[in-house]
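Here is a brief report on enclosed space and DNA contacts. Please keep the model open while reading.

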Protein chains: 4
Amino acid sequence: MSPLSEEQFKQIRDKRIEQILSVGLKIFARKGYIGTKLSTIASEAGISKGLLYHYYKSKDEFLETLIHNAIHELENGIKEMYQSPGTPLEKLRSMIEFKEEDQLYFLLTHQVLLSDEVPDKLKRIAKEHFLSSQLFDQMVPLFKEGQELGEFAPGDPNKIVSSFFTVLSGLMALNLNNDEEFIQPDPNVLIRMLTGRP
Amino acid sequence: MSPLSEEQFKQIRDKRIEQILSVGLKIFARKGYIGTKLSTIASEAGISKGLLYHYYKSKDEFLETLIHNAIHELENGIKEMYQSPGTPLEKLRSMIEFKEEDQLYFLLTHQVLLSDEVPDKLKRIAKEHFLSSQLFDQMVPLFKEGQELGEFAPGDPNKIVSSFFTVLSGLMALNLNNDEEFIQPDPNVLIRMLTGRP
Amino acid sequence: MSPLSEEQFKQIRDKRIEQILSVGLKIFARKGYIGTKLSTIASEAGISKGLLYHYYKSKDEFLETLIHNAIHELENGIKEMYQSPGTPLEKLRSMIEFKEEDQLYFLLTHQVLLSDEVPDKLKRIAKEHFLSSQLFDQMVPLFKEGQELGEFAPGDPNKIVSSFFTVLSGLMALNLNNDEEFIQPDPNVLIRMLTGRP
Amino acid sequence: MSPLSEEQFKQIRDKRIEQILSVGLKIFARKGYIGTKLSTIASEAGISKGLLYHYYKSKDEFLETLIHNAIHELENGIKEMYQSPGTPLEKLRSMIEFKEEDQLYFLLTHQVLLSDEVPDKLKRIAKEHFLSSQLFDQMVPLFKEGQELGEFAPGDPNKIVSSFFTVLSGLMALNLNNDEEFIQPDPNVLIRMLTGRP
DNA sequence: GATGAATGAGATTTCATTCAT
DNA sequence: TATGAATGAAATCTCATTCAT
């Protein structure tokens with residue numbers, strides 16, 4: 001019966017924000033920047049538009065937060081991958097089996113970095129985050145190690161990482177779009193692309 | 001003095017339509033359905049919005065025409081590829097080196113089929129065109145042949161075609177987005193994916 | 001084989017103008033001022049928009065011509081009615097059996113005079129034509145005569161003419177709209193209204 | 001400080017909607033479907049276009065609501081008329097003296113059902129509402145009763161109701177259009193039409 | 001914090017009108 | 001005279017954002 005403590009308020013608030021961001025991620029990743037309406041996010045999250053604007057000054061600021069989180073989570077994902085036991089190939093396999101939220105983060109990042117419909121300002125911010133996160137560069141040693149072990153095919157590791165990201169993004173996009181009329185591609189193609197083995 | 005003949009009108013019209021469609025293709029393929037403003041197309045094509053509506057009843061009808069053309073052109077592209085000399089692998093290489101317009105057609109088709117921001121009606125139409133075009137099915141024999149010749153890695157040919165399209169689309173999207181800060185992926189990964197050879 | 005003479009040109013021209021006006025009348029009377037597109041008139045008349053604008057400077061000028069003709073034709077109709085044999089009641093009956101074109105003229109006039117969607121300028125012009133035509137005033141003596149003969153019910157003849165026009169217009173509008181689901185009203189109600197007899 | 005309660009929001013909304021519908025009714029009834037600009041409604045109601053679209057998805061949906069209300073109100077009007085004391089003739093007289101809002105509802109209904117400028121979809125909806133409302137059929141018994149009492153002239157009651165509606169609509173339209181230069185018709189003509197008496 | 005009413009800028013669409021040939 | 005290409009103003013509609021309570 002006693003009023004909620006400050007701490008409890010904070011918890012409620014944090015939980016709600018987490019909920020909003022989760023819904024936002026799902027929608028932005030699927031529908032793209034312009035296709036996403038804040039009103040949709042609000043109603044899917046079960047709150048009012050007003051409250052959304054109470055937490056975030058604008059659509060762009062909201063997306064910026066998502067981008068920030070996305071890159072942060074992907075960094076963590078890569079760290080975990082590194083720390084997991086196994087050969088480089090086994091480590092990479094685990095990325096393909098990302099849980100859904102991480103797939104969405106990955107898609108969001110890829111989309112913001114590449115899609116022409118995102119405002120330049122956000123693309124620039126995303127690029128800075130991305131570059132400073134060294135998300136890309138951190139992958140390179142893994143590939144080198146794999147090449148040294150003979151697990152991976154030879155070639156410029158930078159280009160291979162770039163290709164890996166591109167293909168991974170394509171696969172994840174198709175994964176979301178679960179249309180029965182289209183045949184789902186085989187994730188093993190990605191592995192084959194890396195290993196150069198049937 | 002004398003009025004324009006029907007033939008002359010047709011020429012003017014055909015030229016304009018070609019011009020508008022070419023601009024539209026470029027913009028739709030890059031910016032997606034919602035990201036594409038008809039005013040942008042009009043001004044890029046150096047005409048008024050009104051004229052666009054003189055030729056096409058709506059944004060959707062315009063995109064429908066583009067989709068139709070896209071699938072038609074891609075069908076032709078595949079036919080040409082089949083008729084070109086060389087092994088299946090050599091034939092497929094030529095698809096990777098599509099000229100820019102064909103790349104745009106490819107991207108447009110992939111995007112319309114898969115992106116959530118395209119109106120359902122158009123997606124349905126695109127799907128029908130795509131399925132009836134047998135764009136997909138026509139590729140399968142080529143892969144089978146390649147597998148028999150030992151050029152390609154084994155595996156369900158349907159899944160391989162699907163993967164091939166996905167990856168090709170990803171590569172083409174990156175190709176357009178010629179951002180110097182990002183390393184361009186290596187088109188050979190696609191070949192490696194197919195052949196299972198380094 | 002010899003070129004058409006000036007006279008023949010004039011005939012072609014006149015015939016075409018008559019055709020255009022006839023189509024325009026039909027459409028304006030049915031669809032109203034804003035509902036009528038010049039492009040519709042042109043295509044229904046089998047000519048180009050350009051030619052329509054060659055004959056008439058604007059939509060309003062075109063309608064003005066129609067109004068002018070309408071009132072002229074209605075004047076003639078009333079004259080004919082006067083000159084036809086029979087009692088005042090029998091004369092009025094003939095108005096109810098107007099041929100279709102006259103019904104359209106009647107509707108057009110009524111609509112332009114009363115509908116709010118017609119530009120003020122045109123309404124003013126129509127009103128002037130209408131008042132100077134004495135279309136209204138010419139009817140009054142007929143009603144007076146009918147009242148004297150005991151054929152018509154008593155009452156202010158001006159108000160009766162006004163009612164007569166209103167009801168006639170309503171009947172004609174329903175006449176055009178030949179919708180099977182609605183019961184067509186009985187033209188005899190109009191007569192009964194005038195005569196005060198069952 | 002404290003947020004508005006659901007109840008308060010409902011009040012604001014209801015008030016606004018009532019206001020918008022009232023303005024809309026006035027304008028649609030006078031100017032017809034195409035003649036009515038949403039910007040006019042908005043500015044007459046003292047609100048922004050945006051707010052109109054906040055409450056109604058489209059011009060058509062807005063008109064649909066009006067039609068729905070119109071038929072509902074007219075049904076009530078007819079019920080009241082039935083329950084009012086007096087002979088059938090006296091009851092009908094009360095319809096002629098409808099208050100302004102009901103006149104507008106009557107005109108709106110008549111117009112939507114008959115005018116060619118209203119989109120077919122809306123006409124169909126209006127027709128369904130109208131037929132299922134039995135607005136028409138409910139009048140018939142009254143006329144029969146009047147005929148039995150000798151108050152009304154003989155004739156097919158269906159056709160008489162139809163005529164009654166037509167003439168009533170014409171009278172109401174003229175009533176709105178309060179143009180001093182035109183003589184207003186006499187509502188008694190309508191009564192005379194029914195009774196067949198001077 | 002929380003709501004949804006309200007706005008306004010900008011996108012899509014329509015159509016009377018002009019114009020080159 | 002005759003065409004339909006082309007324009008631009010104005011209408012419908014969408015949605016990010018603000019605001020009173």
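Which element gives the most to the lining of the largest cavity? H6(D) does, with five residues.

## Basis

This is a predicted model, where local features need pLDDT of at least 70, side-chain atom pairs count only at pLDDT 80 or more, and totals for chains, interfaces and linings use all residues. Residues are numbered from 1 along each chain as written, chains are lettered from A and ligands numbered from 1 in written order, and side-chain values use heavy atoms, without hydrogens and water.

## Cavities

There are five cavities of 30 Å³ or more. A cavity is a set of points on a 1 Å grid over the protein atoms alone where a 1.4 Å probe fits but cannot get out; lining residues have an atom within 4 Å of a point. The largest has a volume of about 230 Å³. Its lining counts 15 residues, and Phe182(C), His110(D), Leu113(D), Phe130(D) and Phe165(D) are the closest to its centre.

Helix H6 (100-114) and helix H9 (157-176) of chain D each give two or more residues. Helices are DSSP runs (H or I, at least four residues). The lining has eleven nonpolar, four polar and no charged residues.

## DNA strand E

Around DNA strand E there are 40 residues, each with a heavy atom within 4 Å of the strand. Arg13(A), Arg16(A), Tyr53(B), Lys59(C) and His54(D) come nearest. Sugar and phosphate make up 66% of the strand's atoms within 4 Å of the protein.

Phosphate oxygens of the strand lie 2.6 Å from a side-chain N or O atom of Arg13(A) and 2.5 Å from one of Tyr53(B). For Lys37(C), the distance from a polar side-chain atom is 2.9 Å. H3(A) gives the most to this surface, with five residues.

Definitions and conventions: 1 Å grid on protein atoms, 1.4 Å probe; cavity = no way out; pocket = protein on both sides within 12 Å on 5 of 7 lines; lining within 4 Å. Points joined across faces, edges and corners; volume = space filled by probe spheres on them. Nonpolar A, V, L, I, M, F, W, Y, C, P; charged D, E, K, R; others polar. Polar contact = N/O pair within 3.5 Å; in protein donor to acceptor, adjacent residues only side chain to side chain.
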